[in-house]
Amino acid sequence: MLVSLKSRPASVVTLFAVVLITSAPAWADSFFSGRALAARVHAMPEPERLRSLSALSVSEREAFFRSLSVAEIIALGRQSLSGLGVYQARAIREERVQGRLCGPDVVEVTVREKPRAVVLAFVAGEHKGRRALYNVLLRPREMLARESGLLGIFTMWLSFDSSMARRYTNHTIAEVGFGAMIDVMQADQEKAASAGGYRRSDEGFDGRGLFCMFFEGPAEAKGLYAARLRYCVDSKLALPMKIEVFDDRGRREYVEYHDLQARLTVDEEFFTPKGAGM
């Protein structure tokens, strides 16, 4: 995964402490609990936090994430998000929409979080060749779409609420990217809290090195997007790189991000019909 992310006397002590932990694992647990380490890393500037977490062993990093509350994981993800600038990644997505399974598709996603703008290019899967553009500064509630195949000679502006925009997804194009995923997670956590909160099971690191947690919502909670959810975050950035949403019929949604490239330099026209090749 490629990520280019671009304070101090106090941080030198913190880094020294982290080095002590990694060099003396036999007594690290008694010297610093995962809770104490979490408090220190949370306050670090982004570059320093990445270096410090990279210095930890896999088991130490797992202990660190297990010690964090969901609110802290969300906060760390937001910190990383603020440093991404314009970013691009490849997303593998699959959704059940109105009873029909759509995908999997592989989509090249380019996102500017603020002001919100998204370009989608479907590069593999059932809808290969489709392109879409959203820019809140152009049309806040519409996207520009171009279908694959023979229909690709036409582009059209579609309302978020139109049947054509909703044919293959449960989401609007404005909900693509890490920021929207974090927003949904935070909103669901707050809704569930009033009914006792989600039951969290830490699964640990998966084959990609993502830290995965499984959440089951309380039956009494109202308006949850995900009654059951697997939420997997990058082990340094705490960004949600994989999400699975389940309902009574099984897995309803799946999205997994790969090959993240951050702080991209794009020209002023990139998030316009011309710049997006539309």
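Strands, at least two residues long, are DSSP runs of E, numbered from the N terminus. Pro104 has its place in one of these, strand S2. The model described here is predicted.

**Unusual backbone**

Most peptide bonds are trans, and most residues other than glycine have a negative phi. Some places in this chain depart from that pattern. Gly103 and Pro104 are joined by a cis peptide bond, with omega of about 5°. A second cis bond runs from Lys114 to Pro115, where omega is near -15°. Pro104 sits in strand S2, whereas Pro115 lies in the loop between S2 and S3.

Two residues stand out for phi. Gln98 is not a glycine, yet its phi is positive, near 50°. Gln98 is found in the loop between S1 and S2. Its relative accessibility is 81%, so Gln98 counts as exposed. Arg263 is not a glycine either, and its phi is about 55°. Arg263 belongs to the segment after strand S11 (250-261). With a relative accessible area of 36%, Arg263 is partly exposed.

**Salt bridges**

How many salt bridges does the structure hold? There are 22. Three pairs are set out here.

| Pair | Closest N to O distance |
|---|---|
| Asp183 and Arg78 | 2.8 Å |
| Asp105 and Arg93 | 3.0 Å |
| Arg100 and Glu126 | 2.9 Å |

Start with the salt bridge between Asp183 and Arg78. This pair links distant parts of the chain, 105 residues apart: Asp183 is in helix H7, and Arg78 is in helix H6. Asp183 has 41% relative accessibility, so it counts as partly exposed. Arg78 is partly exposed too, at 29%.

Next comes the salt bridge of Asp105 with Arg93. Asp105 lies in strand S2 (residues 100-112) and Arg93 in strand S1 (residues 87-97), so their contact ties together parts 12 residues apart in sequence. Are these two buried or exposed? Both Asp105 and Arg93 are buried.

The side chains of Arg100 and Glu126 also meet in a salt bridge. Arg100 is in strand S2, while Glu126 is in the loop between strand S3 (117-125) and strand S4 (131-135); the pair therefore ties together parts 26 residues apart in sequence. Arg100 is partly exposed, with 39% relative accessibility. Glu126 is partly exposed as well, at 43%.

Salt bridges also form a network, and it links Glu94, Glu203, Arg230, Glu244 and Arg251.

**The largest pocket**

Rolling a probe the size of a water molecule over the atoms shows where empty space is left. The largest pocket has a volume of about 240 Å³. Which elements give two or more residues to its lining? They are helix H6 (70-82) and helix H7 (178-193). Arg78 and Asp183 are among the lining residues. These are the two partners of the 2.8 Å salt bridge. The lining also includes Leu81, Ser82, Gly85 and Val86. Others are Arg112, Glu113, Lys114 and Arg116, along with Gly179 and Ala180. By class, the lining divides into six charged, three polar and three nonpolar residues. Lys114 in this lining is also the residue that leads into the cis bond to Pro115.

**The largest cavity**

The largest cavity holds about 790 Å³ of space. Its lining is made of 42 residues, and those closest to its centre are Arg93, Glu95, Thr169, His171 and Val176. Arg93 is the buried partner of Asp105 met above. Which element gives the largest share of the cavity lining? It is H7, with five residues. The lining has 28 nonpolar, 10 charged and four polar residues.

**On the surface**

Ile153, Phe154, Met156 and Met164 form a nonpolar patch on the surface. Together they have about 400 Å² of accessible area. Met156 lies in strand S6 (residues 156-159). Why can Met156 belong to such a patch? Patches take residues with over 30% relative accessible area, and Met156 has 31%, so it passes this cut-off.

**A contact across the sequence**

Ser201 has its place in strand S7 (residues 199-205). Its relative accessible area is 35%, so Ser201 is partly exposed. Phe215 is 14 residues away from Ser201 along the chain, and their C-alpha atoms are separated by 6.4 Å.

Notes. Residues are numbered from 1 along each chain as its sequence is written. This is a predicted model: local features need pLDDT of at least 70, side-chain atom pairs count only at pLDDT 80 or more; totals for chains, interfaces and linings use all residues. Side-chain values use heavy atoms; hydrogens and water are left out. Patches are made of residues with over 30% relative accessible area and no salt bridge: like charges are joined within 9 Å, nonpolar side chains (Val, Leu, Ile, Met, Phe, Trp, Tyr) within 5 Å. Accessible areas come from the Shrake-Rupley method with a 1.4 Å probe; for residues, only the protein chains shown count as cover. A salt bridge is a side-chain nitrogen of Lys or Arg within 4 Å of a carboxyl oxygen of Asp or Glu. Helices (H or I, at least four residues) and strands (E, at least two) are DSSP runs, numbered from the N terminus. Buried means under 20% relative accessible area, exposed over 50%, partly exposed in between (1.4 Å probe, protein chains only). On a 1 Å grid over the protein atoms alone, a cavity is a set of points where a 1.4 Å probe fits but cannot get out, and a pocket is an open set with protein on both sides within 12 Å along at least five of seven lines; lining residues have an atom within 4 Å of a point. Grid points are joined across faces, edges and corners, and a volume is the space filled by probe spheres set on the points. Ala, Val, Leu, Ile, Met, Phe, Trp, Tyr, Cys and Pro count as nonpolar, Asp, Glu, Lys and Arg as charged, and the others, Gly among them, as polar.
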